[in-house]
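Student: Please take one buried site in this model and look at it closely. Then work outwards from there to whatever surrounds it.

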Amino acid sequence: MSKIGVLGAGTWGMALARMLYNSGHKVCVWSALKREVEEFSATRRHPNLPGMEIPAGSAFTGEIAEICKDQDILLFAVPSPFVRSTARSAAPFVKDGQIIVDVAKGIEADTLSTMTQIIADELKNPNVKLVALSGPTHAEEVAKDLPTTIVSACEDQAAAERVQQVFGNTCMRVYTNDDVLGVELCGAMKNIMALASGVALGLGYGDNTKAALITRGMAEITRLGLAMGCKPQTFYGLAGIGDLIVTATSVHSRNNRCGMLLGQGMKPEDAIRE
C-alpha cells in the first residue's frame, strides 16, 4: 500500500483518487476551495461524474501542508494554469524521496515550460522524482472502471516503474517511457488538433476531413518533437496518436466540443464556458 496525496479535486483527480483507493492505497485529496472539501466529504459525489461514488475511506483536506506530509506519491491534478502556484505552495512541504506525478497537460504561455518543468522550477529539490502520467484517458471512463491505458514517463526508470506498479490494476494498464518531453508535448499539442477537429465538425464537414486533420496534425506534432530532441516512437504510441485520437473524436472531449461550437458560429468566450 502506498500513501498518495492528490492535489486537485476536478474530474481527473477524483477519478484517479477513487481508482487508487479501490486498488488498496491510502488516498487523501486536496482542494483549494473550502466548499469542495465540505461538499465531497458530505455527499461522496462529484457533480461532473454522475454515478461515481467517492469511497468512504478516502479523505479530503484544504491544507496544503497536510496533503504533502508523509505521502509516498503526490499527484498533481490541478488545471495547467494553476500548476505553478500549487507547486510553489507545496514546495516547503515536499520531502526528499517523494515521487511527484503530474497529470495536467499543457505548456505555460510565458515560459514555454511543460508541467513537470514548472514543478521542478518551483520545488527546487533534486531529490524528488518527477513523472508525467499521460495518455488517452477520459475521467468519465476511468470513473466507470472501463479499460484504459496510460504512459508513465520519467528519465529515472525505477520511478517510472514504481508509478506503473501503483497505478496499474485490472482496468488501468500503464506503460513506461523515458521520453518525458515527448510525452508532455503530445499531451499539450493534441488539444490544438482536437479544437480543429471540432471546428470541422461544427462547419458540417465529415469523417474524411477529421481523418486528414488528425493524421496531418500528428505529422506536425512529430516534426516539432523531433526538432526538440524527442524520440519518434513516442508520437506513434499511446501518449501521441492515442491521446490525439481520443481527444479529437470523443464526446467527452471539451476541446472537441469547444471547437464544434466555434465552427457553428459561437463566440470563443461563450464556447469555452459550454
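Tutor: In this predicted model, Thr234 lies in helix H10. Its relative accessible area is 3%, so Thr234 is classed as buried, the limit being under 20%. Setting aside neighbours within four places in sequence, the residues in contact with Thr234 are Asn177, Asp179, Gly182, Val183, Cys186, Ala239 and Gly240.

One of these contacts, Gly240, also takes part in the packing of H9 against H11. The axes of that helix pair come within 11 Å and cross at roughly 145°, and the crossing is right-handed. From H9 the contact draws on Lys210, Ile214 and Met218, while H11 supplies Gly240, Ile241, Leu244, Ile245, Ala248 and Thr249. Sorted by class, that contact contains 6 nonpolar, 2 polar and 1 charged residues.

Next come the charged pairs. Side chains of opposite charge can pair when their charged atoms come close. The side chains of Asp178 and Lys231 form a salt bridge with an N to O distance of 2.8 Å. Asp178 sits in the loop between strand E8 (172–177) and helix H8 (180–202), and Lys231 in the loop between helix H9 (207–227) and helix H10 (232–235); the two are 53 residues apart. Asp178 is partly exposed at 37% relative accessibility, and Lys231 is partly exposed at 33%.

A second salt bridge joins Asp243 and Lys190 at 3.8 Å, N to O. Since Asp243 belongs to helix H11 (residues 238–249) and Lys190 to helix H8, this pair ties together parts 53 residues apart in sequence. Here Asp243 is buried at 1% relative accessibility, and Lys190 is buried at 6%. Elsewhere, salt bridges with shared partners join Arg84, Arg88, Glu108, Asp121 and Glu122 into one network.

The whole structure holds 10 salt bridges. Among them is the one between Asp145 and Arg18, at 2.9 Å from N to O. Asp145 is in the loop between helix H6 (139–142) and strand E7 (148–153), and Arg18 is in helix H1 (residues 11–22), so this bridge ties parts that are 127 residues apart in sequence. Asp145 is partly exposed at 33%, whereas Arg18 is buried at 12%.

Strand E8, which ends just before the loop of Asp178, leads to the sheet. The sheet is open, has 8 strands in the order E3-E2-E1-E4-E5-E6-E7-E8, and is mixed in its pairing. E8 and strand E3 (59–61) stand at the edges with a single partner strand each, so each has one side without a neighbour in the sheet. On average, neighbouring strands are turned by 25° against each other, direction ignored. Within the sheet, strand E4 (residues 73–76) and strand E5 (residues 99–102) pair in the parallel sense over 4 bridges, and the bridge partner of Phe76 in E5 is Asp102.

Two helices that pack on the sheet both touch E8. H1 touches E1, E2, E3, E4, E7 and E8, and its direction makes about 165° with that of E2. Helix H7 (residues 157–167) touches E1, E4, E5, E6, E7 and E8, and its direction makes about 175° with that of E8.

Methods
Residues are numbered from 1 along each chain as its sequence is written. This is a predicted model: local features need pLDDT of at least 70, side-chain atom pairs count only at pLDDT 80 or more; totals for chains, interfaces and linings use all residues. Side-chain values use heavy atoms; hydrogens and water are left out. A salt bridge is a side-chain nitrogen of Lys or Arg within 4 Å of a carboxyl oxygen of Asp or Glu. Buried means under 20% relative accessible area, exposed over 50%, partly exposed in between (1.4 Å probe, protein chains only). Contact means heavy atoms within 4.5 Å. Axes are lines fitted to C-alpha atoms, for helices over the stretch in contact, and angles run from 0 to 180 degrees between N-to-C directions. A crossing is left-handed if the near helix is turned anticlockwise from the far one by less than a right angle, and right-handed if clockwise. Ala, Val, Leu, Ile, Met, Phe, Trp, Tyr, Cys and Pro count as nonpolar, Asp, Glu, Lys and Arg as charged, and the others, Gly among them, as polar. Two strands pair if DSSP finds at least two bridges between them.
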